[in-house]
Amino acid sequence: MRINWYRFSSPQTFYPLAGRLAPWFLGVAGLLAVVGLYISFFVAPTDFQQGEAYRIIFVHVPAAWMSMFIYLVMAGWSAVGLALNARLSFMMAQALAPTGAMFTFLALVTGSLWGKPMWGTWWVWDARLTSELILLFLYIGHMALQSAMEDTRRADRAGAMFALVSAINVPIIYFSVKWWNTLHQGASISLTKAPAMAHAMLLGMLVMALAFWAYTIGVALMRVRCVIKDREREAEWIDEAREIDEASEVEQ
Amino acid sequence: MMQWQSLDAFLSMGGYGFYVWLSFGLTAVCMAVELVLLYARQNTLDDGEQT
């Protein structure tokens with residue numbers, strides 16, 4: 001069986017498909033979250049250095065991963081949108097931005113909640129934390145830019161260019177712990193200890209990350225439906241306004 | 001395998017309860033609020049369709 005994927009690039013055909021898929025992704029996210037939380041609190045053992053506070057990583061690390069990953073996906077959709085002039089791609093990028101901003105916010109706040117008991121401070125201006133804060137501003141900037149322009153075509157192009165250029169911040173965040181001497185620990189979190197322990201911790205993080213991933217897809221599908229509907233409305237409204245305009249011109 | 005001696009021990013998280021529960025709680029609240037807002041937005045769009 002051959003599926004005509006191109007057909008789904010039209011907002012009208014994608015709208016009902018997104019509506020059917022979203023609950024499944026959200027359901028999978030819920031199940032994975034239950035498993036992930038169980039591993040986080042009942043399977044993963046106490047960390048011998050950080051005690052129980054380390055359990056924050058089970059939300060902090062997946063949130064931080066998603067914050068970076070979503071920005072890259074947005075940049076990817078933007079590139080596709082610019083290359084193929086595909087409206088739906090721009091809409092996908094637009095639909096992802098608020099969720100990306102939320103995960104960035106959560107990564108910053110949960111990191112802060114970990115930093116206070118472990119480092120003795122809520123915040124330091126080191127490379128990792130600062131570049132992640134910049135990512136939050138980039139998300140907000142993208143949303144502001146997108147909504148500031150009346151003309152959706154121009155807004156889409158401007159937003160896409162912005163996302164593409166500013167995506168350079170993502171590798172900066174990722175490698176910041178290598179390139180600069182930061183207070184933030186490196187990518188491997190005490191995984192060098194007893195293998196069983198490392199496995200449970202890593203597994204917990206991965207399952208939670210998958211849960212966040214499924215959640216993001218579900219939520220983005222829901223939001224892209226709203227974006228499609230909003231734009232349709234706007235187009236209808238503009239058409240009606242134009243008709244009224246023309247009608248009144250004829251009367252005059 | 002049960003590593004918590006009691007419910008109190010579980011809740012106190014070795015003295016880090018405030019930080020751990022606030023992290024998980026805030027994450028859950030943010031995601032729940034986003035979902036509720038989206039459902040509400042979707043419903044208003046659907047309502048407009050019927051009129």
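This talk walks through a predicted model with two chains, A and B.

Good morning. I shall begin with the meeting of the two chains. In this predicted model, 19 residues of chain B are in contact with 25 residues of chain A. On the chain B side, twelve of these residues are nonpolar, five are polar and two are charged. Chain B itself has 51 residues, of which 16% are buried. Its secondary structure consists of two helices and zero strands.

One residue of chain B deserves a closer look. Met13(B) sits in the loop between helix H1 (7–12) and H2 of chain B. Met13(B) is buried, because 20 C-beta neighbours lie inside 10 Å, and 20 is enough for that class. Its phi is positive, about 50 degrees, although Met13(B) is not a glycine. As background, most residues other than glycine have a negative phi.

Chain A offers a second case. Asn85(A), in the loop between H2 and H3 of chain A, is not a glycine either, yet has a positive phi of about 55 degrees. Is Asn85(A) buried or exposed? With 12 other C-beta atoms within 10 Å, Asn85(A) is exposed.

Let us now consider two residues of chain A that touch chain B. The first is His60(A), which belongs to helix H2 (residues 57–84) of chain A. His60(A) counts as buried because 24 other C-beta atoms lie within 10 Å. Beyond its sequence neighbours, His60(A) touches Ala107(A), Thr110(A), Gly111(A) and Trp114(A), and also Ser23(B). Please note Thr110(A): it is 50 residues from His60(A) in sequence, while their C-alpha atoms are 5.6 Å apart in space.

The second is Pro117(A), in helix H3 of chain A. Its contacts outside the neighbouring four places are Ala53(A), Tyr16(B) and Tyr19(B). Pro117(A) has 17 other C-beta atoms within 10 Å and is therefore partly exposed.

I turn next to the interior. The largest nonpolar core has 69 residues, and those touching the most other members are Ile56(A), Met74(A), Met92(A), Leu96(A) and Ala211(A). Both chains contribute: among the helices that each supply at least two residues are H1 (11–43) and H7 (195–251) of chain A and H2 (17–50) of chain B. Leu96(A) illustrates the packing, being in contact with Ile70(A), Val73(A), Met74(A) and Ala220(A), its close sequence neighbours aside. In soluble globular proteins, nonpolar side chains tend to be buried together.

Finally, I would like to examine two helices of chain A. H5(A) has 15 residues, which should span 21 Å at 1.5 Å a residue, and its end C-alpha atoms are indeed 21 Å apart. Which residues of H5(A) are buried? They are Asp156(A), Gly159(A), Ala160(A) and Ala163(A). Viewed down the helix axis, these buried residues fall within an arc of 100 degrees, so they line one face of H5(A). An α-helix has 3.6 residues a turn, so residues three or four places apart point the same way. On the other side of H5(A), Arg154(A) and Val165(A) are exposed. The cover over the buried residues includes H2, H3 and H4 of chain A.

H4(A) can be checked in like manner: its 22 residues should span 32 Å, and its end C-alpha atoms are 31 Å apart, which agrees. Its buried residues include Arg128(A), Glu132(A), Tyr139(A) and His142(A). Among the helices covering the buried residues of H4(A) are H5 and H6 (169–179) of chain A.

Thank you for your attention.

Technical notes:
Residues numbered from 1 in each chain as written. Chains lettered and ligands numbered in written order. Predicted model: local features only at pLDDT ≥ 70, side-chain atom pairs only at ≥ 80, totals over all residues. Helix = DSSP H or I, 4+ residues; strand = E, 2+ residues; numbered from the N terminus. Contact = placed C-beta atoms within 7 Å. Nonpolar A, V, L, I, M, F, W, Y, C, P; charged D, E, K, R; others polar. Core = buried A, V, L, I, M, F, W, Y, C linked by C-beta atoms within 7 Å. Expected span 1.5 Å × (residues − 1). Arc of directions from axis to C-beta.
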